[in-house]
Structures are given as structure tokens and as C-alpha cells.
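Notebook open, model loaded. I want to look up a few spots and jot down what turns up.

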Amino acid sequence: MAEFSAPGVLAPVVSNIWDQERSWTLETYRKNGGYEGLAQAWSYGEGELTQMIKDSGLAGRGGAGFPTGLKWSFLPAPDGGPRYLVVNADESEPGTCKDIPALMANPHSLIEGMAICLLAVGGSHGFVYLRGEVVHVYRRLMAAAREAREAGLIGKGVGPNKDRDIEITVHAGAGAYICGEETALLDSLEGRRGQPRLKPPFPAAAGLYARPTVINNVETISSVPGIVRNGVEWFTAMGTESAKGHGFFSLSGHVVRPGQYEAPLGITGRTLLELAGGIRPGHELKFWAVGGSSAPLFTPEHLDVPLDYNSVREAGSMLATRAIMMFDDTVSVVRVISRWTDFYQHESCGKCTPCREGTFWMRQIMHRLEEGKGKPGDVDLLYEIASNIQGRSFCALGDAAATPIKSGIEHFRDEFEAGYTTPARELFPYEKTPLFSEVGTR
Ligand SMILES: Cc1cc2nc3c(=O)[nH]c(=O)nc-3n(C[C@H](O)[C@H](O)[C@H](O)COP(=O)(O)O)c2cc1C
Ligand code: SF4
């Protein structure tokens, strides 16, 4: 069992200024130590910043948890040509909602982190690929980049010797979940249709415009300034043996106080649930998603699992984006997974057959079961289709679509089989859901 070494229950670092007046401005950010990390970073020798991030144990916060410093170190030796940083701000998986609020409330921590990363990898141009629908975030990021440029923190000829260029471009995508997959993102950023690329080559060798490229999540890069400013030991004092530092746990669903809880990795679902005021009065937790809609489901018996990568994996799920959705006893598992399956089918890019066809078939069966019109054998068929998609798709979206279905059947087979005869709305009437109990039936 992982040992939890948190100095406190919550660890507001990226969120430390969220409740301050105009938290998104350069003025507020600097009053709270902002850009001190970048000021220190200029004095680091070649390779030192990357080594520091390696030593910190910071792992990618975009889902896969890949070690960030290691990723930076994969870039080949400089050859005189451009090297890029691309920040993945395409956040769109059901339940995942941490990067958008972080960008709204504290965009400068991303810009500072990007500048530090560019110094570390010897690049001079960073891109933020943002979902186009969030126009307010787009404006905020552009305004923050402008402020930083006007203050001489980024731009042309910056740094102690005024000889470095640090350009930041904010790009608004058209809004597609697949464009969060890093290579589809690169194609989209280059102006093509966003579909995953064949790997290798990996982006570190041939990424944006076929040049060496680091791709990291918003939260990953926003966590970098704190490490440079406060040191590796400060960061490694938080978390568990296998997962260091702090991260957002986004609580949604039937909790009393949903929201972003920035805490050391290794905190448990039970502690988070207590912080969120518990499940709404009069009801009980039925199941929960620990890492967004693409990770296997957890049940109340998993509430004491330390939420770090290894412990969650050992318990049968994935920490992924720490998008925690709590569902109470009024919820039909079939209905929830049916909605997620709609999402994955809609977002499947169509490049490979298992995912393109399989998500369509799964959606049809999920709808039948939800309506109480399932055919005998449908649950086994559904499980088999999901098993054939898993591990056989071109990118992880196929796995993501199959995983909740398999996990749902493993935990709640009876509820799926009830879909042969009884609609989900009869087993779990809408009138009992929180929305209806608050506003009443029409
Ligand atoms: C379908 C799909 C969607 C994804 N969406 C996102 C996303 O919105 N944001 C993100 O950071 N990573 C997303 N990822 C993961 C990225 O491919 C990549 O692993 C991540 O951006 C790397 O950053 P990190 O190392 O900082 O975690 C997605 C992956 C897949 C397969
Ligand atoms: S798994 Fe789905 S999203 Fe990924 S390449 Fe295949 S069709 Fe496209």
C-alpha cells in the first residue's frame, strides 16, 4: 500500500490565487511570487532544468502520467533548426474539467511554465492548442500572453542578455475530442483534419512541422514554475512513493460541493468526498469514475485506495485526468454508460475499423438495453465487441470507449441484463434524480 506523505490535506499551488481579486492578471500573479521561477530559470546551465523536472518526479497530468522530465530529455541534440513546445488544452472528456478553470483563473502559471520549458529544451516558440468553443478562455490566454510580452517576460530578445526569443501562440481548435490525442492535435495545428498519426516517429523526434516537439498538458506545464521556485524537495514532499506532487481532483456529480480540489497525489476518494460535503443528503454512493469516463469504474469499496498511479492501477482502474464523478443510488449505470458511448461514437474519427464500426454497434446495443428492448445475449455480445475494440484500435479513443462498458458489465451485470425487459427509466425514474427533486416534474 502506498504511503501518503502529504504535509496538508489540500495543496493549492496552481489554484493558490484563484480566490484573489483579478487573479488572472500579471499584477496579482507577480504579487504572489509569479515569474520568480522564470527569473531563476535563466541562470540554469544546459540540461539542468530538465534534470530538475526529472528529479521532481512530475508526471504528465494529461492522462497517461508519463514522466515529464524524461519526455523533455527525449528531444534530439540541437541541429540549429526550430524545436517546439505544444500545450494540450483540448480538454473535453466527460467529467474532465480542470484545465479550463485553471486557464481562466491563473493563465500566467501556464505562460511562465511554457517559458521555462522552452528554456529547458532549447526552443523559442510554444503553442497552446485550445478548444475553440471556450472563447472566453481564448481571450483570457491571449490577454495574459500580451501582458507578459509587454512586461518583457516573453517575446523577442528577452532574458538577462536580451538575446533569446520566447514566442507564444494561442490556437483555437474547432472542438473535437480526438484533437486532444497528441498527434491528431499536431495535424490539426498544422491545418489538416485532426486524426492520429502513426508512431514512430514520436513527436520528440518529428512533431510539429516534423521538428522535435514536446507536448504536455496545461496542468503539467502550469506545475513547473512552482518546482523551479520552491525546489525539488518541496514538490517531492507531497504525494506518495510512486506519485509525487500535487494535482487537481475535479469532483462532480452527486456531491454536496462539487469543484476543483488541488491536493497531494495519494489522497483518497473518502477524504475528497468528505471535503466535498459527502453525497447529497438522503442518498448513498453507488459507483464513481476515478479518471474520467474512460477508466474502469470504482465502487464504494474503493474509497480508501490512495489516488496515485500505481495504487489505482493495482485496484483495477486508471488515475488518468483525476476527473472524479460520483453517482448516487438514483443513477442507472446503463444510462450513464449509454451517454458516454454516444460521446465516443460521435467523437470517433473514423480512421480505424474497430473503433469506427465498434462504437456504432456498442451504441446501438446500449440504446436497446437502456430502453428495455435488449435481445437475449446482448450483454455478452456487448462485452465481446468491447473486448475486440480494446487493444486493437489505432489510438486510445477506442480503448476509452470499450473500458467503461466492460467495467460496467463486470460490476453491474444484473442491471445490464434487466435491460432485456425493463427500461432504465422504470428502474431508475428520472423523478428521483437530483435535478428533478430540485425543480420538480413538468
Ligand atoms: C482521444 C484522446 C484525447 C485526449 N485528450 C487530451 C486532452 O484533452 N488534454 C491532454 O492534455 N491530453 C489529452 N490526451 C493525451 C495526450 O495524447 C497526451 O498524452 C498528453 O497531452 C501528454 O501530456 P502530459 O504528458 O503532460 O500528460 C488525449 C488522448 C487521447 C487518446
Ligand atoms: S481509435 Fe477511433 S479515434 Fe482513434 S484512430 Fe481509430 S477511429 Fe480514430
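Started with who touches whom between α17 and α18. From α17, the residues Val379, Leu382, Tyr383, Ala386, Ser387 and Ile389 meet a set in α18 that includes Gly398, Ala401, Ile405, Ile409 and Phe416. Lys406, Arg413 and Glu417 of α18 are also among the residues met there. Note to self: this is a predicted model, so I'm reading a prediction here.

Next, how do the two helices lie? Two packed helices get described by the angle between their axes and the distance between the axes. I looked up both: the axes of α17 and α18 come within 8 Å and cross at roughly 155°. An angle over 145 degrees counts as roughly antiparallel, so α17 and α18 are roughly antiparallel to each other. The crossing is left-handed.

Then I checked α17 by itself. It covers residues 378–389, twelve of them, and at 1.5 Å a residue they should span 16 Å. The C-alpha atoms at its ends are 16 Å apart, so that agrees. Which residues of α17 are buried? I found Val379, Leu382, Ile385, Ala386 and Ile389. Looking down the axis of α17, these buried residues fall within an arc of 125°, so they line one face of the helix. What covers them includes α16 (353–370) and α18 (396–418). After α17 comes Gly391, and its phi is positive, near 80°.

New page: Cys349. I found it in the loop between α15 (333–347) and α16. Buried or exposed? Cys349 has 20 other C-beta atoms within 10 Å, and 20 or more is the cut-off for buried, so Cys349 is buried. Leaving aside neighbours within four places in sequence, Cys349 is in contact with Ile178, Ala184 and Gln195. I also looked up Cys97, which is 252 residues away along the chain: the C-alpha atoms of Cys349 and Cys97 are separated by 22 Å.

Ala184 sent me to α8, because it is listed among the buried residues of that helix. Helix α8 (residues 182–189) is mostly covered, with six of its eight residues buried. Besides Ala184, the buried ones are Glu182, Leu185, Leu186, Ser188 and Leu189. What does the covering of α8 include? I noted strands β1 (84–89), β2 (125–130), β4 (164–172) and β5 (213–217), plus helix α9 (203–206). Last jotting: α8 is followed by Gly191, with a positive phi near 100°.

Terms used: Residues are numbered from 1 along each chain as its sequence is written. Chains are lettered from A and ligands numbered from 1 in the order in which they are written. This is a predicted model: local features need pLDDT of at least 70, side-chain atom pairs count only at pLDDT 80 or more; totals for chains, interfaces and linings use all residues. Helices (H or I, at least four residues) and strands (E, at least two) are DSSP runs, numbered from the N terminus. The expected span of a helix is 1.5 Å times one less than its number of residues. A residue is buried if 20 or more other C-beta atoms lie within 10 Å of its own, exposed if 12 or fewer, and partly exposed in between; C-beta atoms are placed from the backbone. The arc is that of the directions from the helix axis to the C-beta atoms. Two residues are in contact if their C-beta atoms, placed from the backbone, lie within 7 Å. Axes are lines fitted to C-alpha atoms, for helices over the stretch in contact, and angles run from 0 to 180 degrees between N-to-C directions. Angles under 35 degrees count as roughly parallel, over 145 as roughly antiparallel, 65 to 115 as roughly perpendicular and the rest as oblique. A crossing is left-handed if the near helix is turned anticlockwise from the far one by less than a right angle, and right-handed if clockwise.
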